[in-house]
Structures are given as C-alpha cells and as structure tokens.
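Visitor: I am new to this structure and should like to learn how to read it. May we go through it one feature at a time?

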Amino acid sequence: GFDHTSFKPDFGALADVAQIVYVDQRGQGRSDRCDPDTWTLAQWADDVVALCEALEIEQPYVYGVSFGSMVALAYGARHPGHARGIIADSTAAYTNTEAVVAQFGRLGGPAAAEAASSFWADPSPGNMGSYFSTCMPLYNQRILSDATDITARSLERANFELFQHWVTGEHHTFDLRPVLGYITSPTLILAGDQDPITPIAGARAVAEALGDRANLMTFDDCGHGAWRDQPDAAMAAIRNFIRRTA
C-alpha cells in the first residue's frame, strides 16, 4: 500500500547501469485507487508488462522488495522471458505467518510475537497501531537518521484499505511454489538473516524452486530490505547482477 518514497535517493546510485523507473503499483501509494476487485497478485503482475508496453521498455530488470518482490516473481512466472532479469529482495514463496511470528519473538520477545500474531490475523486499526509501535522498529538493524521523515512521507500516501484487502483475502492463499518453475529469467535473491517479516527461509525456498536460474545472496546483521542495513554490499550485488546479465 505504500509509495516509492523509501527507495529515494538510494537507488539513484544505480543510474550508471540502468535507467531507474519508480512504480507505485495499482491502488498503492500515488497511483489511482481504482476498483478493489482488480487488487490481485495476477493483475499487479500483468501491470508490469502493461507499463513496459506503455513506456516502450523492452527486457527490463524488475526489482521488488517485500510484497513487491512477490509481485516480481508472479510477473516472471506469468510472463516467462519478458524480463532481462528479476531482483527479489526480502521475498517469500508462500504465506508463513508462524515463521514471521516466531522471528518477531526472537527479535522482540513475547510482546512483539503477540502484536505480530494479532495483526496478521486481524489488521484492525487497533492491532495495526500496536504492530506499528512494537514490530516495525524491529524490521531493520540500522537506524537511519531520516527514518522518521521517510516513514511520515510514505504514510501520507499509503492505502491501508488495500493492505487490509490483501491480508484478509489473497494473503491466506498466497503460494507461488507451484509456478516458480515457469520463471526463465535470471533471478537475484537478496535476504537478510535478521528479517522478521520475510524470514530468510522464504528466500531459500524461492532459490530452491528456481535452481540454477537463481543467485541467492544473504547478508549478516541485516533485516528487511537488504539495501537498508547493508547498502554498499546490496547495491554492489545488484549492480554486478545487471552487468553480468546485460
């Protein structure tokens, strides 16, 4: 449901190897809210192709973090060969709430585990407030000086109705494992060992399903969004992947 604020200005550093196009997906961030019936993983995946056609982009590198990475993988499976490369940062192949709650418990104790469990079972305003205050500070190991400003600007454009639509609906059946084998594009997978919301086991499941098409890179002392906690190493990995596969 968020916009692309948190990616700026960091991803501008990759302009030496690619033209950077930031996208707020259908119904999210600064994009039109549109019909909630179209807020589906399949539609978001197909939208990547439609956007490329509109902008006359051929063989893109498609990067997604967290939910965006799941859309990127769904896109790769639905449109084999369309991407020159896929980069899935902090990803998962299927919904595994038990692993998420357990990781929050390891990082923040019983209170964090309870807040996560309640929120993912029922993303009501009350549970959301508890989750934001208790769990979100555990997402990353590195505290950015402008983190509060970035969060405020992201929240300004966030669509929580879409988030609730997903969590109470398709989130329960989300499972890409049966279709990941359709992906033909080389895929870089980035994962942090301390990521609570997409635990590293999910990235390993994606890599296993893709076999030799995948390059899994894990980062120590790293939470959600590898570039946030390990910016130099993560950006170097992305740059090298693009150069190697271009």
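Guide: Certainly. Please bear in mind that this is a predicted model. Let us begin with the nonpolar core: the largest one has 49 residues, and those with the most contacts inside it are Leu73, Phe104, Trp120, Tyr131 and Leu180.

Visitor: Which helices and strands each supply at least two residues of this core?

Guide: The helices are α1, α2 (67–78), α3, α4 (125–134), α6 and α7 (200–210), and the strands are β2 (85–89) and β3 (187–192). Helix α3 gives the largest share, nine residues.

Visitor: What is Phe104 in contact with, leaving aside its neighbours within four places in sequence?

Guide: Contact here means heavy atoms within 4.5 Å. On that basis Phe104 touches Gly109, Ala112, Ala113, Ala116, Tyr131, Cys135, Leu138, Tyr139, Pro196 and Ile197. Another core, of 17 residues, lies apart from the largest one, and its members include Phe7, Phe11, Leu14 and Met235.

Visitor: How should one read the aromatic rings, and how many aromatic pairs does the structure hold?

Guide: One looks at the distance between ring centres and at the angle between the planes; planes under 30 degrees apart count as stacked, and those over 60 as edge-to-face. The structure holds 20 aromatic pairs. In one of them, Phe7 and Phe11 meet edge-to-face, with 5.5 Å from centre to centre and 75° between the planes. Both Phe7 and Phe11 are buried. Phe119 and Phe163, by contrast, form a stacked pair, with centres 5.5 Å apart and planes at 15°.

Visitor: Why does the pair of Phe119 and Phe163 tie together parts that are apart in sequence?

Guide: Phe119 belongs to helix α3 (residues 97–121) and Phe163 to helix α6 (residues 160–167), so the pair links parts that are 44 residues apart in sequence. Phe119 has a relative accessible area of 2% and is buried. Phe119 and Phe163 also belong to one aromatic cluster together with Phe104, Trp120, Tyr131 and Tyr139.

Visitor: Where does a charged end sit over a ring?

Guide: The charged end of Arg177 is placed over the ring of Tyr94, 3.7 Å from its centre. In addition, Lys8 lies over the face of Tyr22, at 4.9 Å from the ring centre.

Visitor: Is His4 buried or exposed?

Guide: The cut-off for buried is under 20% relative accessible area. His4 has 15% relative accessibility, so it counts as buried. His4 is placed in the segment before α1 (41–55). Its side chain makes polar contacts with the side chains of Lys8, at 3.5 Å, and Asp24, at 2.9 Å. Beyond its neighbours within four places in sequence, His4 is in contact with Tyr22, Asp24 and Arg30.

Visitor: What can be said of Thr38, in the segment before α1?

Guide: The side chain of Thr38 reaches the backbone oxygen of Asp35 at 2.7 Å and makes a polar contact of 3.4 Å with the side chain of Arg26.

Visitor: How does one check the span of helix α1?

Guide: One compares the expected span with the distance between the end C-alpha atoms. At 1.5 Å a residue, the 15 residues of α1 should span 21 Å, and the end C-alpha atoms are 22 Å apart, which agrees. The buried residues of α1 are Leu41, Trp44, Ala45, Asp47, Val48, Val49 and Cys52, and they pack against β1 (61–65), α2 and α6. Just after α1, Glu56 takes a positive phi of about 60°.

Definitions and conventions
Residues numbered from 1 in each chain as written. Predicted model: local features only at pLDDT ≥ 70, side-chain atom pairs only at ≥ 80, totals over all residues. Heavy atoms only, no water. Phe/Tyr/Trp six-rings, centres within 6.5 Å; stacked < 30°, edge-to-face > 60°. Buried < 20%, exposed > 50% of the residue type's maximum accessible area, 1.4 Å probe, protein only. Helix = DSSP H or I, 4+ residues; strand = E, 2+ residues; numbered from the N terminus. Lys NZ or Arg CZ within 6 Å of the ring centre and 35° of its normal. Polar contact = N/O pair within 3.5 Å; in protein donor to acceptor, adjacent residues only side chain to side chain. Core = buried A, V, L, I, M, F, W, Y, C linked by side-chain atoms within 4.5 Å. Expected span 1.5 Å × (residues − 1).
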